[in-house]
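Welcome, and thanks for taking a look at this one with me. Below are a few numbered points to read alongside the model.

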Amino acid sequence: MKLTGSQYMFCQLQSNLKRLVGERFSGKTTSGVYNLLQHTKPAGSYLVCVPSLKFLKSSTIRTFLDLAPYDSVYTKSKLLLTLPCRATVLFASTRSSAIYSNKFNGIWIDEASLVTEDQYRAVVDRLLPDGWVAITYTDVRDETHWTNRLRRPWYGVLTRLEHNPGIPDSVIEAIRKFES
């Protein structure tokens with residue numbers, strides 16, 4: 001799969017703190033998967049975190065498994081993926097106790113706008129020194145939301161629905177009509 005310009009820019013950002021903000025269906029989850037796979041170190045430990053198991057099962061895990069190397073091993077009962085380089089990826093909601101018994105080389109929070117600031121801080125506390133954090137989320141119009149207070153050293157990219165080549169124009173038009 002070829003990345004869009006925004007997705008590519010996000011994955012190429014050389015920062016330990018980065019974010020991708022975009023509309024629904026703009027490719028944020030796909031970008032998060034590619035980013036994690038690109039920055040995985042052999043035998044490292046990684047966390048893919050979402051607000052709830054509903055998000056995890058409906059989109060994030062499915063997209064990750066579609067894009068992961070074919071010889072990866074997914075253990076459904078543990079929500080754990082082992083990549084060919086022996087790195088492990090734990091999938092969890094922000095409420096999962098499994099998060100708090102591990103430390104991670106990298107953390108990706110998908111749908112971060114639905115995570116509270118306290119949940120965000122608790123998850124990020126599990127980061128190893130020199131680790132990285134990436135967040136993907138839909139733009140939040142509330143200026144008091146914690147994602148709107150992120151400043152440097154955070155680096156970010158903005159993406160739009162129209163940037164996703166997998167969505168037909170007729171669907172984009174229907175979404176725009178529904179939103180107006």
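1. A word on terms before we start: two strands pair if DSSP finds at least two bridges between them. With that in hand, look at Cys49, whose bridge partner in E5 is Ala92. Please keep in mind throughout that this is a predicted model.

2. Here is the overall layout. The protein has 5 helices and 8 strands. Read from the N terminus, the order of elements is α-β-α-β-α-β-β-β-β-α-β-β-α. Of its 180 residues, 48% are buried. Among contacts with a separation of 6 or more, 69% link residues 24 or more positions apart. The accessible surface comes to about 9800 Å², and carbon and sulfur atoms account for 54% of that surface.

3. Strand E2 is a good place to begin. This strand covers residues 45-50, and 6 of its 6 residues are buried. In a regular strand, side chains alternate between the two faces of the sheet. Which residues of E2 lie on each side? Ser45, Leu47 and Cys49 are on one side, while Tyr46, Val48 and Val50 are on the other, and all are buried. Both faces of E2 are therefore covered.

4. Now for the neighbours of E2. Strand E5 (residues 88-93) pairs with E2 in the parallel sense, over 6 bridges. E2 is also joined to E6 by 4 bridges, and these two strands run parallel as well. Leu47 is a residue to click on here: its bridge partner in E6 is Ile107.

5. Strand E1 deserves a look too. This strand spans residues 17-22, and 5 of its 6 residues are buried, so E1 is largely enclosed by the rest of the structure. E1 pairs with E7 in the parallel sense over 5 bridges. In that pairing, Leu20 has Thr136 of E7 as its bridge partner.

6. What about the cysteines? Cys11 is buried, at 0% relative accessible area, and Cys49 is likewise buried, at 0%. A search of the whole structure finds 0 disulfides.

7. How many salt bridges does the count come to? The count is 1 salt bridge. Arg121 forms it with Glu117, and the closest N and O atoms are 2.7 Å apart. The two residues are 4 residues apart in helix H4 (residues 117-124), which means that about one helical turn separates Arg121 and Glu117. As for exposure, Arg121 is partly exposed at 47% relative accessibility, and Glu117 is partly exposed as well, with a relative accessible area of 24%.

8. Finally, two backbone angles to check. Most residues other than glycine have a negative phi. Glu111 is not a glycine, yet its phi is positive, at about 60 degrees. Glu111 sits in the loop between strand E6 (104-110) and H4. Asp130 is not a glycine either, and its phi is positive at about 65 degrees. Asp130 belongs to strand E7 (residues 127-137). Are these residues buried or exposed? Glu111 is buried, with a relative accessible area of 17%, because buried means under 20%. Asp130, by contrast, counts as exposed at 72% relative accessibility, since the cut-off for exposed is over 50%.

Technical notes: Residues numbered from 1 in each chain as written. Predicted model: local features only at pLDDT ≥ 70, side-chain atom pairs only at ≥ 80, totals over all residues. Heavy atoms only, no water. Disulfide = S-S within 2.5 Å. Buried < 20%, exposed > 50% of the residue type's maximum accessible area, 1.4 Å probe, protein only. Salt bridge = Lys/Arg side-chain N within 4 Å of Asp/Glu carboxyl O. Contact = heavy atoms within 4.5 Å. Areas by Shrake-Rupley, 256 points an atom, 1.4 Å probe, with all protein chains shown as cover.
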